[in-house]
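Student: I would like to go through this structure with you. Ask me to look, and tell me how each label is earned.

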Amino acid sequence: MELNSKVPAGPLAGKWDKHKFDVKLVNPANKRKYEVIVVGAGLAGASAAATLSELGYRVKCFVYHDSPRRAHSIAAQGGINAAKNYQNDGDSIHRLFYDTIKGGDFRAREANVYRLAQNSVSIIDQAVAQGVPFAREYGGLLSNRSFGGAQVSRTFYARGQTGQQLLLGAYAQLEKEIARGGVEMFNQYEMLDLVVVDGHARGIVARNLVTGAIETYAAHAVLLATGGYGNVFYLSTNAKHSNATAIWRAYKRGAAFGNPCYTQIHPTCIPVSGDHQSKLTLMSESLRNDGRVWVPKKQGDKRAPGQIPEDERDYYLERRYPSFGNLAPRDISSRSAKYVCDEGRGVGDTGLGVYLDFSDAIKRLGKKTIAERYGNLFEMYQRITDEDPYEVPMRIYPAVHYTMGGLWVDYNLMSTVPGCFVLGEANFSDHGANRLGASALMQGLSDGYFVIPYTIGDYLAGLKPQPVDAAAPEFRAAADETRARLQKLLSIKGKRTPTSFHRQLGKIMWDKCGMARNRAGLAEAITEIRALREEFWTNVNVIGEVGSLSQQLEIAARVADFIELGELMCRDALHREESCGGHFREEYQTEDGEALRNDDAFAYVAAWEYAGDQAEPRLHKEPLEYENVKLSTRSYK
Amino acid sequence: MKITLHVWRQAGPKAAGKLETYTLGHVSPDMSFLEMFDVLNEELVEAGKEPVAFSHDCREGICGSCAMMINGAAHGPMKGTATCQLHMRSFKDGDEIWVEPWRARAFPILKDLVVDRSALDRIIQAGGYISANTGGARDANEILIPKPDADSAMDAAACIGCGACVAACPNASASLFTAAKISHLGHLPQGQPERFRRVLTMVEQMDIEGFGHCTLYGECQEACPKLISIDTISRMNRDYLKATLTKRPEPTVEYAG
């Protein structure tokens, strides 16, 4: 396997423009002769499907939801970054690029990140044209807020529902194209395999979740926009159905998996309340604009927060990172919370929590302003915890939120399987080892609206505009394999539910491949996961049938893939003997507990190639070359 | 807490359904309503029984997947709250709870508590968008939108498309859903060019899908987890009236030579 990033030559700022001119075009009359499958309809999938249809390609779009509007992008709260410099505070494309590279702890590809920063500007224009109701000032201009890891205000927002509004914008364009006949929509279909013919992605196997029918679909190219794999940890802020099956199946068909161990643990989530917990709820990072994070100075201080006087509180982020304070990046904030809780200074019944306190902000700005900024978040918090954050500080704790890793893609967003493109969180490309807040929405839309419409042409122009042979034996073989895999799950009839295996996997991952990792723990985790996989395939009890709506079967098939992916994540974390961004290896830290990178040995993308179920995956390295930024130790102090 | 559940079970779209009774002995007040269903389903699977099928995903009250009629109220007793955000502390030890799917002609039942809501997507397809193909948008700050207009648009745009308004309406009307979209786009300058065409096509699609008419019961706004106001319906009706009065036939197309 050869990793060719296909990054264009030339100066950084001109690469994308040059590339857009250099790529081959498909003539307008020929576009309708090409079919494209888009899997997923979150920000990346919906924007890609709508835009490709507008260009004239025939698009089939598949989602497992009952409507494309339900994709998990909808849950993003805080905002979307763009280098508009509307606030006149010194922002620029170069600064957004630099912040993103630095925030990613110098483990992302320069050219991709620069392009992302360039496209950010057009995304806001496009969204406004679609009627996305961003927050406005009284004069009618757009409003901005600040976000972690940046010292300028460049985040655009629609109350605490920015993801929802951007998704509904893309969804509306998608529905417009469905009505026009350019997109054929397949709701409640789950992709279960990628079909590869003569080394090129030529279609998918999908199961109709209502009738249970296993069907195959052919196309000239397949776009995977299926989101991240944070649910490996069972408890995460991802939606319950978010899963890795599409990208994992593509991996098993030859797509390399990039940096699987880079996981983002978000610092501000509502703490776990008990064993029944099914998922974790994020409280937007934007809250850290006005909330102050603290714990008691004394260990085991069980007094109510209001009883603890000012001088007995430790505002640890402000103390350790005075220049960024409560807006330190996510990885640093999360780890700091873990440290103070490990020291026995955590709050709440479990001791796994820290305070996020708004009392100063309410004093300064008034309750009304705070309610305008965060009203819906405060309500959500109160509903879940039965506590009023206007009166008592919120309790928060880190939770798995985002996966920077994903399928390896080149500058054109194509994976190592030609014809299989990967967009949004599902790819590894732009965030390095840590993603800054308000950058996920930006990347999903950049990929879908402004990158793939250009780069896919370069691939399709090399194909003859003739229909894909949907009767090729590879289609039937892949469908048969899928059917056999599902039948096998149903035939085991063991003693444990699929969810019980998922919880167990999640616990292993959280304990040993979570916020802090070490060699011994990761090696143990790999052994434990292998044993878990063994037990799963002999002792799972799946109730349902292939040929009808069977939610337990859906869960079981996803858990089976999560178990395998979990092992790969641990393997990647074990091999990367340095700390960077979301990957913190306890053996590699500075004296004051900060991440210690090893640029000489590890400034590369780790791309893993599948080599068989029992064999160890093969590691390939894409060296990261920095021509425009100087590798430095991140400092937010 | 001990909770007795009477849950609608129906094997498929054509099958007959009935209420089945289940008792859960250890329900924590901190559980969400759906987490209680998770516990029920784990118990059913362990006993070798078919678990209850229900729609859910984000569990943060934003994706609009969850849909349960709880004691006759869409999304249950708590105002402005989707089923997934309802917690068991809203109930007390020993309570009996009846759980049914959304019931409306336009929402056929697929299985147990899962219904087909694709009719709502088709209403959007009929015109619930601003035609803005990707590319060529002008600078976002060139369009000035007064804050009150942006806020009103956002109030209406908060709709999560769950269909509670339909389930709560004695006429099974989708007026609140449709009006929310019309109101969102109608408050914005970008939405003006298609404003009157949009209201005609969306309302027509609502009728085609078999939703009932609005007779202003107001149940929809009581059930709405996002507290969308029926003022949006008045706005839709005003636009509809104006559109029907001023509607002109589409100009005949003249082909270029």
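Tutor: Start with A:Tyr234. A:Tyr234 has 24 C-beta neighbours inside 10 Å. This is a predicted model, so that count is computed from predicted coordinates.

Student: What makes A:Tyr234 count as buried?

Tutor: The cut-off is 20 or more other C-beta atoms within 10 Å. A:Tyr234 has 24, so A:Tyr234 counts as buried. The residue is found in the loop between β9 and α7 (245-252) of chain A.

Student: What is notable about phi of A:Tyr234?

Tutor: Phi of A:Tyr234 is near 60 degrees, a positive value in a residue other than glycine. Most residues other than glycine have a negative phi.

Student: Where does A:Arg159 lie, and is A:Arg159 buried or exposed?

Tutor: A:Arg159 lies in the loop between β4 (155-156) and α6 (162-180) of chain A. Its count is 23 C-beta neighbours inside 10 Å. The cut-off for buried is 20 or more, so A:Arg159 counts as buried. Phi of A:Arg159 is positive too, near 45 degrees.

Student: Now strand β7 of chain A. Why is β7(A) called largely enclosed?

Tutor: β7(A) spans residues 200-208. Seven of its nine residues are buried, so the strand is largely enclosed by the rest of the structure.

Student: How do you know that β7(A) pairs with β6(A)?

Tutor: Pairing needs at least two bridges. Eight bridges join β6 (residues 189-197) of chain A to β7(A), so the two strands pair. They run antiparallel. In this pair, A:Asp193 stands opposite A:Val205 in β7(A). The hairpin has two residues between the strands, and A:Asp198 takes a positive phi near 50 degrees.

Student: What makes β8(A) a partner of β7(A)?

Tutor: Use that rule of at least two bridges again. Five bridges join β7(A) to β8 (residues 214-218) of chain A, so they pair, also antiparallel. A:Ala206 has A:Glu215 in β8(A) as its bridge partner. This hairpin has five residues between its strands. A:Gly212 in the turn has a positive phi of about 85 degrees.

Student: There is another sheet in chain A. Why are β5(A) and β17(A) called edge strands?

Tutor: The order is β5-β2-β1-β9-β17 in chain A, an open sheet of five strands with parallel pairing. β5 (183-186) and β17 (420-422) each have a single partner strand, so one side of each is left without a neighbour in the sheet. Neighbouring strands here are turned by 20 degrees against each other on average, direction ignored.

Student: How do you know that β1(A) and β2(A) pair?

Tutor: Five bridges link β1 (residues 35-39) and β2 (residues 58-62) of chain A in the parallel sense. The requirement is at least two, so they pair. A:Val36 stands opposite A:Val59 in β2(A).

Student: Which helix packs on this sheet?

Tutor: Helix α12 (residues 440-460) of chain A does, touching β9 (221-224) and β17 of chain A. Its direction makes about 150 degrees with that of β9(A).

Student: Which residues have the most contacts inside the largest nonpolar core?

Tutor: They are A:Ala49, A:Leu223, A:Leu224, A:Leu407, B:Cys165 and B:Val166, in a core of 292 residues. Helix α16 (residues 551-575) of chain A gives the most to this core, with 14 residues.

Student: What does A:Ala49 touch?

Tutor: Not counting residues up to four places away in sequence, A:Ala49 touches A:Val38, A:Ala41, A:Val59, A:Cys61, A:Leu174 and A:Val183.

Student: How many residues of chain B are in contact with chain A?

Tutor: 62 residues of chain B are in contact with 61 residues of chain A. α1(B) gives the most to the chain B side, with six residues. By class, that side has 26 nonpolar, 20 polar and 16 charged residues.

Student: What is chain B built from?

Tutor: Chain B has eight helices and seven strands. Buried residues make up 52% of its 257 residues.

Conventions
Residues numbered from 1 in each chain as written. Chains lettered and ligands numbered in written order. Predicted model: local features only at pLDDT ≥ 70, side-chain atom pairs only at ≥ 80, totals over all residues. Contact = placed C-beta atoms within 7 Å. Helix = DSSP H or I, 4+ residues; strand = E, 2+ residues; numbered from the N terminus. Nonpolar A, V, L, I, M, F, W, Y, C, P; charged D, E, K, R; others polar. Axes fitted to C-alpha atoms, helices over the stretch in contact; angles between N-to-C directions. Buried ≥ 20, exposed ≤ 12 C-beta atoms within 10 Å, placed from the backbone. Core = buried A, V, L, I, M, F, W, Y, C linked by C-beta atoms within 7 Å.
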